[in-house]
Amino acid sequence: MAVPVPELRRVCRQAWEPVLARARQAVVFLDLASAEALHWGCGGAGELLAAGALAVRALAAESAAGARVVFVVSGGLRGGAASAVRGVLGRGAVRHCVLVAGGEEEGSGPAELEETLQRWMGEGGRAEVVLRGPPLLAPVSAELCLLPGLAALLPPLSGPGGPGPAEIGVGALPAELRAAVRALVEDLDAFLTAVGLREESFAVGPLSRVIAAELASYAPARNRRRMATNKASVVFVDRTLDLAGAVGHHGDSLAEKILSVLPKLPGHKTDVMVNMVELTALRTPDETCSIIAPGCLARPNDPAAKALWESFMNLKQKEAVMEARRHLVEAASRENLPIKMSMGRVTPEQLSSYIKLFKNNLKALENHCGLLQLVLATIQTLKHPQTSKWDNFLAFERLLLQTIGESEMPTVLNQLLPMIKPYNERTEDDYTCEDFLVLLVYMYSVVGEIKSGKELDAAEEEVKAALVKAICVEPELSPLLQKITGCDSSLNLTSQKATDAVDGIFRSLGDIARARIHLKQFNSIHNPGSNTHQASYKPLLKQVVEEICNPDRPDPIDIEHMSSGLTDLLKTGFSMFMKVNCPHPGDHPFLIIFMVGGVTVSEVKMVKDLVATRKPGTQVMVLSSALLTPHSTIELLFGTDHLQLHTDI
């Protein structure tokens, strides 16, 4: 059984049914992750307003409320979400409140939560707690679903001499990460229940092993597996085993570039702001133009726009741009607009000239609003200076692959040194401090374990000093550099703070290089090349999927099966003495790949194409905690404490 798009849409909507049923005459408060799930799954606040909500607001303690409110939180009532709910109720105006939340907190069932809410409201208040069925999903494409509530989840990097994969259990994890793992297991079980699947769990990497073991032993999941008839393999893969795939520029994908270069929608981790000024008569030099509401990419209720977005996700950039032109020409023809079709290469200017035809026709604008937003996103991405830099990154990454195969790491670092330039010496084509961090992560992830020594220490110290100097002379710290240094302004930045931040980054880079040390089959993502072939990057995820789809069905070495009961344990034990077929991730007609710590557009396309080619007939779906771009990966690694989930509003 697969999860076809209509079925997935049903599951996403089912999660919102308790909210829609209670929204009438209420002010609805959403935390950021819930808002993102509503945005991708149902189309945004319009659904709640159509159901009778008086207003839809971000969950914040200072927010004003009416007599009746509905709170929607992506997880349980804890941390920043609890503080914000208490702040709203403490203002005294609320007489009736409904909380729609994820699974139960330890020691806090619905009855206890209702008592807590009534206490926060004061005398005479009525409270109702509704535990959601399916989790809050953000269906970004037909093959990709995100869990926005876990966007900050990243497998921790184990330092030198740290515990091996077999030594890590859920009890050994820090409290925040332990809570995130349990929330993920609850959400996955709820999703598999909603689509009627019985899974076999597999893992590649230490945190994936913990998650797969928790899912295998989770009591509600055991009950579900006894009842469900449709089988699936769920393979968890740690993102930190291959960070080159997250920061690299190998993918020729329009969607990936749009998500990487356009500014994010406020409060969102995935969707971007599309400047809509071109469709108005307004003339302004302000590029962000806050007067006009921005457009976006998510159009779940617009079939034409959704089809074009799927093309952006699945086609190469050139083909996707041609598809954008085709959709635009067809829309103009349907509206009888005077369009002149031209063949050949599609340019941003040509697309802009077609867009202008819709400008003064309100009916045409309304009919094709979603399509126009996607085409404007395309135009703005193709014109963006960061897009031309994309090819520079790609060329440099290819050069790094070649150099890493021929030289030791100190030599490679010394070659990078002249590229670290302070602000006053940089041109538009030079790398910024953030760009340089992207290259360093790529390099350390690809090269794998590095031979330590005085030469390496000296080369790293020189790079660190140059990086500290460049950060210290930045006239204005970017949001990312603010998070890395812990300083909100360059005025507060000292040389010591910059040095401490860079030292921490290099400790993490060493851990990134050691991440695959425990693997036997997938311990390299670098193909050094030969006299006839260039050196290349071989994605870990590609290696994993190829092994799953291998027709010879060898026993996987690094893809570990997590047993879910006595039968599996007996099978494993007997297989040591006699020929017993152990479960294999390629056994079932439905394959779910869960990338723990985020996935990229290119990786989703690669998985889809590989399975279609190597194992036709198998349905595949990619689940993850976040959709990554090179800079969002750097932020996740260095700019946040990735053991602390974003519970603060």
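**Exercise 1. Which residues of helix α11 are buried?**

Before we start: this is a predicted model, where local features need pLDDT of at least 70, side-chain atom pairs count only at pLDDT 80 or more, and totals for chains, interfaces and linings use all residues. Residues are numbered from 1 along each chain as its sequence is written, and side-chain values use heavy atoms, with hydrogens and water left out.

*Solution.*
- Step 1: Get the terms straight. Buried means under 20% relative accessible area, exposed over 50%, and partly exposed in between (1.4 Å probe, protein chains only). Helices (H or I, at least four residues) and strands (E, at least two) are DSSP runs, numbered from the N terminus.
- Step 2: Read off the list: A305, L308, W309, E310, S311, F312, M313 and N314 are the buried residues of α11.

**Exercise 2. Check the span of helix α11 (residues 303-314).**

*Solution.*
- Step 1: The expected span is 1.5 Å times one less than the number of residues.
- Step 2: For the twelve residues of α11 that gives 16 Å, and the end C-alpha atoms are 16 Å apart, so the two agree.

**Exercise 3. Find the residues that touch the most other members of the largest nonpolar core.**

*Solution.*
- Step 1: A nonpolar core is a set of buried Ala, Val, Leu, Ile, Met, Phe, Trp, Tyr and Cys residues joined through side-chain atoms within 4.5 Å.
- Step 2: The largest one has 132 residues, and W309, F312, L440 and M443 touch the most other members. Helix α18 gives the largest share of this core, eleven residues.
- Step 3: Now zoom in on L440. Setting aside neighbours within four places in sequence, L440 is in contact (heavy atoms within 4.5 Å) with L413, L416, L467, F506 and L509.
- Step 4: Don't miss the second, separate core: it has 40 residues, among them L137 and F191.

**Exercise 4. Work out the strand order of the seven-stranded open sheet.**

*Solution.*
- Step 1: Two strands pair if DSSP finds at least two bridges between them.
- Step 2: The order is β6-β7-β14-β13-β9-β8-β12, with mixed pairing. The edge strands, β6 (138-141) and β12 (560-562), each pair on one side only.
- Step 3: Pick one pair. β13 (residues 590-596) and β14 (residues 619-624) run in the parallel sense over six bridges, and F590 has Q619 in β14 as its bridge partner.

**Exercise 5. Compare where the partners of three salt bridges sit.**

*Solution.*
- Step 1: Side chains of opposite charge can pair when their charged atoms come close. Here, a salt bridge is a side-chain nitrogen of Lys or Arg within 4 Å of a carboxyl oxygen of Asp or Glu. The whole structure has 21 of them.
- Step 2: E474 and R426 meet at 2.8 Å, N to O. E474 is in the loop between α19 and α20, and R426 is in the loop between α17 and α18, 48 residues apart. Both E474 and R426 are buried.
- Step 3: For D503 and K464, the closest N and O atoms are 3.4 Å apart. D503 lies in α21 and K464 in α19, so this pair ties together parts that are 39 residues apart in sequence. D503 counts as partly exposed because its relative accessibility is 25%, while K464, at 13%, counts as buried.
- Step 4: For K605 and D609, the closest N and O atoms are 2.7 Å apart. Both residues sit in helix α24, four residues apart, which is about one turn of the helix.
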